[in-house]
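Reader: I work at the bench and would love a close look at one part of this protein. Could you take me through the packing around its aromatic rings, step by step?

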Amino acid sequence: MKKIAWLLVILLTACASQDDAPPFEINNKQFYGKNDEQGSKIFAYVVSVKAQGRKPLNLDKPLTRRQFKDLAEQEYFEESSSLKLMLEDQAVELLNQELKARQYCNDEHIIDDVLWRDLSVQLRGRCL
């Protein structure tokens, strides 16, 4: 019984200590602010991620089941809606921090548009 308990402790410790690499790496953040024709403050905030390189396949020998499974489970930012939504959520948090640090919008703000490119998201909005 003690051996089973120790085995469970070791397995749980190993699982808990594994650090998952972030699914994408932000490499650029840019803030643009100006006043529109009515004098209201407007802004655009762009967050870009690094492109992930695809691992080359060695087609000289057949793939093992493990290699095939790893290949099938690998997500690429350009093709993954879930990773893009994660970036969009993170971009909103970063925008809120940027607006607060710059003291750009005194009260509140609203995001009017979200524009996507392959490796970046742009949030456009205005102060209320």
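Author: Happy to; what follows goes from the strands that carry the rings, through the rings themselves, to the helix that packs against them. Please keep in mind that this is a predicted model.

Let's begin with the strands. Strand 1 covers residues 26-35, and strand 2 covers residues 41-49. The two pair in the antiparallel sense, over nine bridges. Together they make a hairpin with five residues between the strands, and in that turn Gly39 has a positive phi of about 90°. At one end of the pairing, you can find Asn35 opposite Lys41 of strand 2. For another place to look, try Asn27, which also belongs to strand 1. Its C-alpha atom is 5.3 Å from that of Val49, although 22 residues separate the two along the chain. Beyond its sequence neighbours within four places, Asn27 is in contact with Ser48, Val49 and Lys50. Asn27 counts as partly exposed because its relative accessibility is 45%, a value between the 20% and 50% cut-offs.

Strand 2 is mostly covered, with seven of its nine residues buried. Strand 2 also pairs with strand 4 (residues 120-127), again running antiparallel, through seven bridges. There, Phe43 has Gly125 of strand 4 as its bridge partner.

Now to the rings. The model has three aromatic pairs. In one of them, the ring centres of Phe31 and Phe43 are 6.3 Å apart and the planes meet at 20°, so this pair is stacked; the cut-off for stacking is an angle under 30 degrees. The pair links distant parts of the chain, as Phe31 sits in strand 1 and Phe43 in strand 2, twelve residues apart. Both Phe31 and Phe43 are buried. Phe31 also pairs with Tyr45: here the centres are 6.4 Å apart and the planes are at 55°, so the pair is tilted. Since Phe31 is in strand 1 and Tyr45 in strand 2, this pair ties together parts 14 residues apart in sequence. Tyr45 is buried, as is Phe31. Add Tyr104, and you have one aromatic cluster made of Phe31, Phe43, Tyr45 and Tyr104.

Next comes helix 3, which spans residues 81-102. From its first C-alpha to its last, its 22 residues reach 31 Å, close to the expected 32 Å. Its buried residues are Leu83, Lys84, Leu87, Ala91, Leu94, Leu95 and Leu99. They lie on the same side of helix 3 because they cover an arc of only 135° around the axis. Turn to the other side and you meet exposed residues: Leu85, Asp89, Glu93, Gln97 and Lys100. The cover over the buried residues of helix 3 includes strands 1, 2, 3 and 4. Just after the helix, Gln103 takes a positive phi of about 55°.

Leu95 is a good place to see helix and rings together. Apart from neighbours within four places in sequence, Leu95 is in contact with Phe31, Phe43, Tyr45, His109, Ile111 and Leu123.

Finally, look at the largest nonpolar core, which has 17 residues. The members that touch the most others are Phe31, Phe43, Val47, Leu95, Leu99 and Tyr104. Strand 2, helix 3 and strand 4 are the elements that give two or more residues to this core, and helix 3 gives the most, with six.

Definitions and conventions:
Residues are numbered from 1 along each chain as its sequence is written. This is a predicted model: local features need pLDDT of at least 70, side-chain atom pairs count only at pLDDT 80 or more; totals for chains, interfaces and linings use all residues. Side-chain values use heavy atoms; hydrogens and water are left out. Helices (H or I, at least four residues) and strands (E, at least two) are DSSP runs, numbered from the N terminus. Buried means under 20% relative accessible area, exposed over 50%, partly exposed in between (1.4 Å probe, protein chains only). Contact means heavy atoms within 4.5 Å. Two strands pair if DSSP finds at least two bridges between them. The expected span of a helix is 1.5 Å times one less than its number of residues. The arc is that of the directions from the helix axis to the C-beta atoms. A nonpolar core is a set of buried Ala, Val, Leu, Ile, Met, Phe, Trp, Tyr and Cys residues joined through side-chain atoms within 4.5 Å. Rings of Phe, Tyr and Trp (its six-membered ring) pair if their centres lie within 6.5 Å; planes under 30 degrees apart count as stacked, over 60 as edge-to-face and the rest as tilted.
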